[in-house]
Amino acid sequence: MSDIKKMPEAIQPRPEGSNGGRARRLLLRRLIDFVALPATSVAPQDRSMGGDILLEMLFHASVEDREFCARRLQLNKEAPRRLMRYLAMADLDVARPILEANEGFDAADLATIADQTTIDHRLLIANRKRIDPCVAEALCVREEAAVLKALVVNKGADISETGMDMLVQHSRKIEGLPALLIKRLELIPSQAMAMFWWADGATRRTILQRQAADRLELVDLCSDVFAVAAEENWQDPVARKTLQLIERRQRNRAAIKKSPFDSLEHAIEVAAEKGLTPHIAQEIGFLSGVKPVTIAKILSDPGGEGLAVLCKATGLKRPYLAHLWHALRRPMEIDDGTVHPQFAYMSETYELLAVAKAQTTLRYWNWSLSSSYSPGRAAPDDPDATDSPSDSRFSTSRRTAHLVFGE
């Protein structure tokens, strides 16, 4: 007769989905204790095996048991990563301690977790002490205001240029995000200049004062090239377009000979008197040295800071700022006769701007927007057509145009 004792017939199998008996709970705790041992107390191979067994048991454990396991392993860097990924992708109460504090994850783990979980999980990741660039990019893919704002204000986050491009694009629709982005050191001028068009007034002013360069050293370094380009009759479109961004003079002197107006001032005076027609607006753009899409963007912008840049960059005196504002039929005063606050703010922006920085800003807009904005291919007779399809994904001007105009 066998010495092996049979299981008592009175003990029936527990129904499916139950938490098991005392033996299962005790075994679960023992496995958690084993996986949580310090590195000096257990071999990596043994810990890995223990983690595999624990993971299988957690599949059948209660939420309370999973929460206990997550809290127990919260600070354990040596715990098997497959086990930790499971806990991090579980219900939020289970995942919270792991995502908040565990430093055992690598960037690939966190990027995967961000991609396959909920907005609440991503918010926890966005608040971690350190965030690698590829994790930041994974968080930037979705237009989730809470996650993106938490990421941007996190001083431990390292945001790549691609991630910043996505943030700038999302900032068009997420209120308050531009004001946070302008404080990030990773933000480069091309991104700031694109974001300018939908930023609030205070952020716009910061962009104009902080992000614009005076390009004096660049002008001096390239000063001899202008003479060479003139000798070649400006035949090279790439050189011509680049030098237009660098040169000191803003107004287009050649346009005056073809214009029905005697000067830029004359065109603005007529616009103030008769209203700003599309023809006059285009002439103002030509005389100012910018292309139609650029002047249209400036004149249609409700904020008015673009007008301040245009006037300061082209050397227009203060009265012409008022003429241009009136030409757009925007209010100069409010009912009690005081200056309208929007015009006052725009005038103050004009006073704060340095001429060199205003010129750089206007030239950058014209270079990055007008030369790149083409719903189709550039016309074959376009003198500034310098399309390079194979390299366009690296082009700053095309990236900026994409951020401003979209696809």
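Partly exposed here means a relative accessible area between the buried limit, under 20%, and the exposed limit, over 50%. Keep in mind that this is a predicted model.

Q: Where is R329 found, and how does it count at 45% relative accessibility?
A: R329 is found in the loop between α22 and α23 (341-352). Its relative accessibility is 45%, and buried would need under 20% while exposed would need over 50%, so R329 counts as partly exposed.

Q: Which sign does phi of R329 have?
A: Most residues other than glycine have a negative phi. R329 is a residue other than glycine, yet its phi is near 60 degrees. The sign for R329 is positive.

Q: What is phi of W234, and where does W234 sit?
A: W234 is in the loop between α15 (223-231) and α16 (237-246). At 33% relative accessibility it counts as partly exposed. W234 also has a positive phi in a residue other than glycine, and the value is near 55 degrees.

Q: How are α18 and α22 oriented to each other?
A: Helix α18 (residues 264-274) and helix α22 (residues 318-327) pack with their axes 8 Å apart, at an angle of about 40 degrees. Angles under 35 degrees would count as roughly parallel and 65 to 115 as roughly perpendicular, so this pair falls outside both classes. That makes α18 and α22 oblique.

Q: What is the handedness of the crossing of α18 and α22, and which residues make the contact?
A: The crossing of α18 and α22 is left-handed. On the α18 side, the contact is made by E265, I268, E269, A271 and A272. On the α22 side, the residues are Y320, H323, L324, H326 and A327.

Q: By class, how many residues of the α18 with α22 contact are nonpolar, polar and charged?
A: Ala, Leu, Ile and Tyr are among the residue types that count as nonpolar, and Glu is one of the charged types. Sorted that way, the contact of α18 with α22 comes to six nonpolar, two polar and two charged residues.

Q: Which helices are included in what covers the buried residues of α7?
A: In helix α7 (residues 119-126), the buried residues are H121, R122, L124, I125 and A126. Their cover includes α4 (81-88), α5 (92-101), α6 (107-116), α8 (133-140) and α9 (145-153).

Q: Are C222 and C311 buried or exposed?
A: C222 has 16% relative accessibility, under the 20% cut-off, so it counts as buried. C311 has a relative accessible area of 0%, so C311 is likewise buried.

Q: How many disulfides does the count come to?
A: A disulfide is a covalent bond between the sulfur atoms of two cysteines. The rule asks for a pair of cysteine sulfur atoms within 2.5 Å. By this rule, the number of disulfides is zero.

Conventions: Residues are numbered from 1 along each chain as its sequence is written. This is a predicted model: local features need pLDDT of at least 70, side-chain atom pairs count only at pLDDT 80 or more; totals for chains, interfaces and linings use all residues. Side-chain values use heavy atoms; hydrogens and water are left out. Buried means under 20% relative accessible area, exposed over 50%, partly exposed in between (1.4 Å probe, protein chains only). Axes are lines fitted to C-alpha atoms, for helices over the stretch in contact, and angles run from 0 to 180 degrees between N-to-C directions. Helices (H or I, at least four residues) and strands (E, at least two) are DSSP runs, numbered from the N terminus. Angles under 35 degrees count as roughly parallel, over 145 as roughly antiparallel, 65 to 115 as roughly perpendicular and the rest as oblique. A crossing is left-handed if the near helix is turned anticlockwise from the far one by less than a right angle, and right-handed if clockwise. Contact means heavy atoms within 4.5 Å.
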